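Q: Hi! Could you walk me through this one? I'd like to chat about the strands and then the charged pairs.

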Amino acid sequence: MRDTHARTGACHATRAPGHTSAPRRRAAVRRAAVASAVACALTAAFAPGVMAAPAPGGAPAEGKVLTHAAAATAQDEKQVRAYWTPERIAALNTQVEDVPPRAGKDGAPWGGGGAVDTTVGRLFFTDHGEDASCTATAVKSANGSTVVTAGHCLNATDLAGEHNQWQTHVLYVPGYRDGKAPLGTFVVRWSVINSVWLENDQIHARFDAHDQGFAVVGRNERGQTLQQATGTPQGLSYDAPGDRTAVQFGYPRAASDPAREGLPEYTGRELAYCQGAPREYPGTPDHVEPAGIRGVACVMGGGASGGPRLGGFDAATGRGEVVGVNTQSAFMDAAGKACQESAGSGCVRHLVGPQFTTALTKLLHDKAERLS
């Protein structure tokens with residue numbers, strides 16, 4: 001989330017409570033410009049002086065599918081695994097505190113087991129020299145090696161919205177729990193995103209629908225493909241009705257609720273979830289969001305970015321259809337309008353992100369599943 005790492009208020013490495021990760025950068029910029037929402041998101045790729053030309057009606061151009069070789073050789077994969085020592089991974093977890101357990105639909109530890117425990121994982125990477133983490137999900141694909149996450153978890157700008165870079169040392173750990181990798185680790189070989197995400201400074205809300213991407217991983221240390229190790233991945237759904245009950249998952253390293261700060265599920269150690277009817281975030285008069293930016297009331301902070309929004313979720317099996325991903329936090333009142341966090345109890349924090357579409361998401365997935 002753009003506090004995605006940060007965008008979502010579910011950010012990467014070291015984010016303030018309520019942030020996601022990439023957005024430490026992004027959040028700092030947006031908070032100054034948008035008083036009505038906490039924008040936590042990992043800043044995406046930016047080509048200096050280049051912006052995608054808006055389509056009629058102010059919507060961003062569709063752009064084209066871009067691929068990036070994150071680790072093209074066996075030696076590259078070996079170096080990524082060597083980089084992520086247990087100590088380095090542990091450094092991305094925030095401190096556990098002795099606070100009374102508290103759970104609700106807006107945030108709780110996941111203990112339901114099922115496919116969620118094998119298909120949702122933590123995504124580690126280095127962003128502009130800083131180690132960070134997001135969340136990603138194994139999804140159905142022809143190559144059996146594809147995960148979906150937020151765009152800013154694969155490519156980000158610096159805090160000023162400049163110098164976009166592809167994330168480095170990208171490692172996916174399905175089923176991660178408190179330093180353990182029960183299914184092995186998978187180095188990301190390819191990153192796939194829409195060119196529009198690279199052609200803006202990630203500060204302009206009208207491009208937020210493009211904050212989504214796919215990654216193709218190699219085999220784990222045991223020589224298994226992702227699907228061999230995890231079993232059947234989660235399904236994908238495009239153009240699904242956005243207001244149907246959904247469950248959102250993530251590995252947040254913070255909570256927007258001070259009473260829950262320091263619980264294991266908000267330190268990066270354990271998987272957390274929120275559930276409810278997703279609401280569409282309109283943005284503010286100065287920062288209007290594109291259609292389809294949705295999410296449920298949720299306290300997950302930085303690190304939850306890229307986590308799945310699952311529709312048609314069956315708690316008994318842990319399966320559903322990924323209809324979108326977490327990318328940023330948004331405050332809305334009972335009428336669905338943007339509001340300020342200080343406005344009182346009627347202003348509720350939501351974890352939102354793009355709803356998957358055939359026009360944007362399917363093109364990315366079709367390209368990713370053909371890579372190896």
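**Strands and salt bridges**

A: Happy to! There is an open sheet of four strands here, paired antiparallel in the order β16-β17-β21-β20. Keep in mind that this is a predicted model.

Q: Which are the edge strands?

A: They are β16 (279-280) and β20 (328-332), and each of them pairs on one side only.

Q: And how many bridges are there between β17 and β21?

A: Five bridges: β17 (residues 293-297) runs antiparallel to β21 (residues 348-354).

Q: What stands opposite R294?

A: That would be G353, in β21.

Q: Nice. Changing topic: how many salt bridges does the structure hold?

A: The count is 10 salt bridges. One of them joins the side chains of R88 and D131, with 2.8 Å from N to O. R88 belongs to helix α3 (residues 86-90) and D131 to strand β6 (residues 130-139), so this pair ties together parts that lie 43 residues apart in sequence.

Q: Is D131 buried or exposed?

A: D131 is buried, at a relative accessible area of 14%. That value is under 20%, the cut-off for buried, so the label fits. Its partner R88 is partly exposed, with a relative accessible area of 31%.

Q: Which residue does R177 form a salt bridge with?

A: R177 forms one with E270, and their closest N and O atoms are 3.4 Å apart. This pair links distant parts of the chain, 93 residues apart. R177 sits in the loop between β10 (168-174) and β11 (186-194), while E270 is in the loop between β14 (246-250) and β15 (272-276).

Q: What about accessibility for R177 and E270?

A: R177 counts as partly exposed at 45% relative accessibility, whereas E270 counts as buried at 17%.

Q: Where do K362 and D366 lie?

A: Both are in helix α7 (residues 358-368), four residues apart, which is about one turn of the helix. Their side chains meet in a salt bridge, at 2.8 Å from N to O. K362 is partly exposed, with 32% relative accessibility.

Q: Last one: which residues do salt bridges with shared partners join into one network?

A: R102, D106, D257 and R260.

Q: Why can side chains like these pair at all?

A: Side chains that carry opposite charge can pair when their charged atoms come close.

Technical notes
Residues numbered from 1 in each chain as written. Predicted model: local features only at pLDDT ≥ 70, side-chain atom pairs only at ≥ 80, totals over all residues. Heavy atoms only, no water. Salt bridge = Lys/Arg side-chain N within 4 Å of Asp/Glu carboxyl O. Helix = DSSP H or I, 4+ residues; strand = E, 2+ residues; numbered from the N terminus. Buried < 20%, exposed > 50% of the residue type's maximum accessible area, 1.4 Å probe, protein only. Pairing = 2+ DSSP bridges.
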